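Okay, everyone, thanks for coming. Let me put the structure up and then talk you through the bits I'd like you to look at.

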Amino acid sequence: MVTIGNDWDSLLSEEFEKQYYLDLREFLIGEYRSHTVYPSKYDIFNALRLTPYDSVKAVIIGQDPYHGPGQAHGLCFSVKKGVPKPPSLVNIFKELKSDVGIAAPPHGCLEDWARQGVLLLNAVLTVRAGEANSHKGKGWEIFTDRIIALLAERERPMVFMLWGANAQKKEGLLSGSRHLILKAAHPSPLSAHNGFFGCGHFSKANEFLDGFGQKIDWAIE
C-alpha cells in the first residue's frame, strides 16, 4: 500500500484498491526490475507528498517525467539541484522573469513552489530511460485524472495552468468549477513562441489568489 503521509492518503485510498491500479502496480514492478525507470520508485509520489490537497493553490500539469539520467524526481518540469536545466524549464524561468521580474535560480529544482502549494503533477508518473511516453496508457492517466477531479471538487479556489495540448485535454475535468483556468502553449522550444512567452500566468495566478489571501512567492532559493 502506498503511503503519502498527508490528506491525499484518505482521498486516494479507494483508488489504490481499484483493479486498474493493481494492474499498473504489477506492470511497474516488472518495469523497475527489467529496465531503468525514472523517477526512483521512492520519488514517484513526491508531488503529492510535498503539496497536500488542502494546501494546493495552483496546479501545473506536465506530460510524463524527464527520461534522462538524474533528471526526474517526481515534480513536473523540475530537476534535482546540480542537474542542467532542460529547455522547457529554461523557458519557464524566462517567462517568470518577463512576467514578474524574478530572475532564474541557479538550479532547476522547483521544490520551493511545491511546498508553497503549487502541485507539479505529471499526467503519467513514470517513464523508461530514454523512451518518452513509454508508460503512457498503462493506467497512470486514470489515477492523475482522479487527482484533478478531486481538486476540481474543492470549495476553496485554485489556479490550473494548462500548458500545451496534452495538459489542455484535462480542461473537461474542470468544467463548471470555481477555479481559474489558464491556458497557453507548451514551454518547449518548439512551441514557446506560439503563446507561452507573454502568457503572464504567474502574475495572473497571484491576482486571482490574492482575493483569497493565498499569493505565491515565485522566487526560488
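So, start in the loop between strand 2 (58–62) and helix 4, where you'll find Phe77. This is a predicted model, by the way, so keep that in mind throughout. Phe77 isn't a glycine, and yet its phi is positive, at about 70 degrees. Is Phe77 buried or exposed? Relative accessibility comes out at 9%, and the cut-off for buried is under 20%, so Phe77 counts as buried.

There's another residue of that kind further along. Asn133 also has a positive phi, near 65 degrees, and again we're looking at a residue other than glycine. You'll find Asn133 in the loop between strand 4 (127–128) and helix 6 (140–153). Asn133 has 30% relative accessibility, so this one counts as partly exposed.

While we're on backbone details, go back towards the N terminus for a moment. Which peptide bond is cis? That's the one from Tyr38 to Pro39, with omega near -5 degrees. Pro39 sits in the loop that connects strand 1 (37–38) with helix 3 (46–50).

Now on to helix 4, residues 87–100. From first C-alpha to last, its 14 residues reach 20 Å, close to the 20 Å expected at 1.5 Å a residue. The buried residues in helix 4 are Ser88, Leu89, Asn91, Ile92, Phe93, Glu95 and Leu96. And yes, that list has Asn91 and Glu95 in it, next to names like Ile92 and Leu96. What do the buried residues of helix 4 pack against? Three elements: helix 5 (111–116), strand 5 (159–163) and helix 8 (201–210). Then, just after helix 4, Gly101 takes a positive phi of about 75 degrees.

Helix 6 is the next stop. Here we've got 14 residues again, which should span 20 Å at 1.5 Å a residue, and the end C-alpha atoms are indeed 20 Å apart, so that agrees. As for what's buried in helix 6, you have Trp140, Phe143, Thr144, Ile147, Ile148, Ala149, Leu150, Leu151 and Ala152. Those buried residues pack against helix 1 (8–12), helix 2 (19–34), helix 3, strand 2, strand 3 (118–122) and strand 5.

Let me zoom in on one of them. Thr144 is in helix 6, and its relative accessible area is 1%, so Thr144 is buried. Setting aside neighbours within four places in sequence, Thr144 is in contact with Leu121, Asn122, Ala123 and Leu125.

Let's look at that contact from the other side. Leu121 belongs to strand 3 and counts as buried, at 2% relative accessibility. What does Leu121 contact, leaving aside neighbours within four places in sequence? From helix 6 there's Thr144, Ile147 and Ile148, and then there's Ile60, Ile61, Gly62 and Cys76 as well. If you want a distance to check on screen, the C-alpha atoms of Leu121 and Met158 are separated by 14 Å, with the two residues 37 apart along the chain.

One more residue, and this one is in strand 6 (residues 180–184): Leu182. Leu182 is buried too, with a relative accessible area of 9%. Not counting residues up to four places away in sequence, Leu182 touches Val159, Phe160, Met161, Leu162, His201, Lys204 and Ala205. Measure across to Asn206 if you like: 24 residues away in sequence, and 12 Å from Leu182, C-alpha to C-alpha.Okay, zooming out to the whole chain. There are eight helices and six strands, and from the N terminus on they run α-α-β-α-β-α-α-β-β-α-β-α-β-α. The radius of gyration is 17 Å, close to the 17 Å that the globule rule gives for 221 residues, so the chain is as compact as a globular protein of that length. Its C-alpha atoms fill a box of roughly 45 × 40 × 30 Å along the principal axes.

How much of the chain counts as buried? That's 51% of the 221 residues. For contacts between residues at least 6 apart in sequence, 66% join residues at least 24 apart. On the outside, the chain exposes about 9900 Å², and carbon and sulfur atoms supply 50% of that. Last one, on charges: there are 24 positive and 25 negative, and their mean positions are 4 Å apart.

That's my tour, so over to you.

How values were computed. Residues numbered from 1 in each chain as written. Predicted model: local features only at pLDDT ≥ 70, side-chain atom pairs only at ≥ 80, totals over all residues. Heavy atoms only, no water. Helix = DSSP H or I, 4+ residues; strand = E, 2+ residues; numbered from the N terminus. Expected span 1.5 Å × (residues − 1). Buried < 20%, exposed > 50% of the residue type's maximum accessible area, 1.4 Å probe, protein only. Contact = heavy atoms within 4.5 Å. Rg over C-alpha atoms; globule rule 2.2 N^0.38 Å. Areas by Shrake-Rupley, 256 points an atom, 1.4 Å probe, with all protein chains shown as cover. Lys, Arg positive; Asp, Glu negative; His and termini not counted. Charge placed at Lys NZ, Arg CZ, Asp CG, Glu CD.
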